[in-house]
Amino acid sequence: MSKSGTILYLDGVSVSFDGFRAINNLSLVLDRGEMRAIIGPNGAGKTTMMDIVTGKTKPDSGEVYFNGEIDLTRHDEADIAMMGIGRKFQKPTVFESHTVEDNLMLSLKGPRSIFPALFHRKTADEARRIDDILGIIRLGDKRHMLGANLSHGQKQWLEIGMLLAQDPKLLLVDEPVAGMTDAETEETARLLKDIAKTHSVVVVEHDMHFVRELGVKVTCLHEGSVLSEGTLDFVSADDRVVEVYLGR
Ligand SMILES: Nc1ncnc2c1ncn2[C@@H]1O[C@H](COP(=O)(O)OP(=O)(O)OP(=O)(O)O)[C@@H](O)[C@H]1O
């Protein structure tokens with residue numbers, strides 16, 4: 001299969017831990033600009049797949065390419081982050097004692113340490129970037145609030161904003177709506193759809209209501225490979241998906 005036009009290209013990828021194949025001949029291709037939802041039961045390999053993409057885990061075999069041309073298996077985690085793959089873990093880890101705006105300032109792309117980042121005057125360009133991000137993450141009116149005082153959902157949005165501040169081409173987002181209210185969940189779907197207008201996005205999520213709101217192609221993983229792929233309606237109607245995941 002051609003890699004041109006892809007932002008993420010995995011083919012025949014396998015990795016074993018102590019003889020257990022967590023990823024088994026996995027092939028998964030994401031077009032540039034696409035948002036994809038990844039579903040699947042516990043232990044299906046979703047986290048391990050993201051660990052492979054971000055360079056945390058090296059595959060035993062298979063091809064892993066970013067942007068159609070960069071062989072990710074040849075790079076380490078720091079390189080891969082610099083090249084434009086950003087990851088958000090499930091649990092939010094914002095700086096609680098800093099304001100929303102300072103959290104974003106600290107995350108802006110570019111070499112910086114905490115003191116210069118907080119005490120230098122924002123350039124006009126930085127101010128504009130932060131305003132843009134605050135708009136996208138729905139926290140414009142909370143910019144001076146301390147991280148500690150945000151709701152769980154708002155912390156997740158701030159962390160998505162911190163990811164955007166690093167200007168990634170591809171965002172990997174792990175279970176963003178776990179623990180959110182229904183209203184926050186729906187807003188998160190809208191927020192990610194906004195981000196997907198200008199970024200490629202992979203979202204791992206168990207909440208099927210949220211996946212439906214995203215309205216994107218779905219890949220169901222099982223035992224380290226793709227079990228089913230297509231629209232949510234197509235994947236949900238697949239007996240094997242019902243058997244191992246949705247029917248449980
Ligand atoms: N470092 C490791 N050492 C040994 N086994 C591992 C390691 N990492 C993952 N595994 C195993 O690989 C399998 C896939 O795990 P993974 O965390 O990728 O699944 P998942 O789809 O993300 O599950 P969940 O929905 O629970 O997060 C599991 O059986 C897990 O126990």
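This passage walks through the core, the ligand shell and one enclosed strand of a predicted model. Local features need pLDDT of at least 70 and side-chain atom pairs count only at pLDDT 80 or more, while totals for chains, interfaces and linings use all residues. Residues are numbered from 1 along each chain as its sequence is written.

A good starting point is strand S9 (residues 218-222), where strands (E, at least two residues) and helices (H or I, at least four) are DSSP runs numbered from the N terminus. Five of its five residues are buried, so S9 is largely enclosed by the rest of the structure; buried here means that 20 or more other C-beta atoms, placed from the backbone, lie within 10 Å of the residue's own. In a regular strand, side chains alternate between the two faces of the sheet. In S9, Val218, Cys220 and His222 lie on one side and Thr219 and Leu221 on the other.

Strands pair if DSSP finds at least two bridges between them. S9 runs parallel to strand S3 (residues 35-39), with three bridges, and isoleucine 39 stands opposite cysteine 220. Five bridges join S9 to the antiparallel strand S10 (residues 225-230), with histidine 222 partnered by serine 225.

Turning to the ligand, its surroundings include Phe17, Gly40, Lys46 and Thr47, each counted when its C-beta atom, placed from the backbone, lies within 6 Å of the ligand. Helix H1 (residues 46-53) gives the largest share of this shell, three residues.

Finally, valine 203 has contacts (C-beta atoms, placed from the backbone, within 7 Å) that include Met35, Ile38 and Leu214, leaving aside neighbours within four places in sequence.

Key:
Contact = placed C-beta atoms within 7 Å. Buried ≥ 20, exposed ≤ 12 C-beta atoms within 10 Å, placed from the backbone.
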